[in-house]
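Trainee: Could you take me through the salt bridges here, slowly and from the beginning? I'd like a close look at that one part.

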Amino acid sequence: MSTSRKPRTARPPVVIVGAGRLGGALALALAAKRWPVRLHSRGDDGRQRAKALGLKVATAADLRRARVVLLCVPDAAVPSVASELSTTLPRTAALVHTAGALSLDSLGTAKGRARGSFHPLCAVSSPRDSLAGHAVAVSTRSRALRDVLRRMAVDVGLQVLDVPESHRAAYHAGAVMSAGGLVSLADAAVAALGAAGIAPDAALAALLPLMRSALRGAEARGLSGGLTGPIVRGDAGVVAAHLGALPEEVAPLYRLLSRRALRLAGNRLSPESRAALERLLRP
């Protein structure tokens with residue numbers, strides 16, 4: 001969805017439950033766009049963090065007025081927090097979690113209450129991190145709540161991805177691969193440089209700029225256009241040398257990723273080069 005046009009939806013009162021990194025980042029971003037947002041935390045530490053960020057702490061009256069309640073709590077706590085809030089919130093207040101892997105059922109049975117999820121695809125390490133420029137996965141069965149969540153995303157600067165409930169696991173797996181999986185891939189690359197006698201700290205310092213340049217290439221030219229290395233050049237000799245030099249636990253990952261790269265290379269390879277690479281890369 002393009003974020004250039006803002007949906008004409010009012011900014012209803014929002015309460016964010018949880019004064020951690022994501023809760024703080026969302027509250028700051030919404031407050032900056034003049035959303036009536038309050039931050040709710042049962043602990044004194046959370047309330048102090050909210051005040052330190054310049055955010056308003058939710059009162060009992062704020063909870064009664066809320067129309068959207070965002071749960072920025074650990075995944076395991078979502079069902080219990082939702083159950084507790086359901087007994088005090090008015091039915092007009094929608095419950096929305098921010099967990100990528102959880103279904104709407106984790107918020108309890110609907111019983112007339114709108115339920116949704118709002119999962120920013122952003123690694124938030126501080127409540128002062130900006131969410132702008134990232135994407136957010138939105139899921140809800142309520143058209144009215146979807147409009148509000150879209151308005152929220154647009155104001156914060158997030159690109160909306162509509163995720164059907166039946167495909168949530170596939171969506172979340174892709175998100176995990178692009179973040180935690182990328183870190184694991186970097187670990188494997190550091191291990192490969194370790195086989196060349198390069199210390200882990202030096203290896204990581206050298207590889208991170210290379211990884212960033214690869215991501216810039218994919219961003220500018222797409223996945224296929226951003227592909228570099230011996231696979232897209234059809235250099236079977238280099239690939240064979242790599243497989244012979246890699247640590248035993250890294251070589252299978254190299255084969256798997258290279259087979260994926262072979263598909264991305266498409267028709268840029270001659271039939272002879274492709275056949276030679278396919279022979280080398282068999283599991």
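Mentor: Here is a walk through some of the salt bridges and the residues that form them. First, a word on the ground rules: this is a predicted model, where local features need pLDDT of at least 70 and side-chain atom pairs count only at pLDDT 80 or more, while totals for chains, interfaces and linings use all residues. Residues are numbered from 1 along each chain as its sequence is written, and side-chain values use heavy atoms, with hydrogens and water left out.

Now the basic idea. Side chains of opposite charge can pair when their charged atoms come close. In our terms, a salt bridge is a side-chain nitrogen of Lys or Arg within 4 Å of a carboxyl oxygen of Asp or Glu. Searching the whole structure turns up 10 salt bridges.

Let's begin with R11 and D155, whose side chains meet in a salt bridge at 3.0 Å, N to O. R11 sits in the segment before β1 (14–17) and D155 in helix α5 (residues 143–156), so this pair ties together parts that are 144 residues apart in sequence. Helices (H or I, at least four residues) and strands (E, at least two) are DSSP runs, by the way, numbered from the N terminus.

How open are these two partners? R11 is partly exposed, with a relative accessible area of 31%, whereas D155 counts as buried at 4% relative accessibility. Those words have cut-offs: buried is under 20% relative accessible area, exposed is over 50%, and partly exposed is in between (1.4 Å probe, protein chains only).

D155 has another partner too: it forms a salt bridge with R151, and the closest N and O atoms are 3.3 Å apart. D155 and R151 both lie in helix α5, four residues apart, which is about one turn of the helix. Like D155, R151 is buried. Put the pairs together and you get one network, with R11, R151 and D155 joined by salt bridges that share partners.

Last, look at D62 and R38. They form a salt bridge with their closest N and O atoms 3.7 Å apart. D62 belongs to helix α3 (residues 60–65) and R38 to strand β2 (residues 37–40), so the pair ties together parts that are 24 residues apart in sequence. Here D62 counts as buried, at 10% relative accessibility, and R38 as partly exposed, at 23%.
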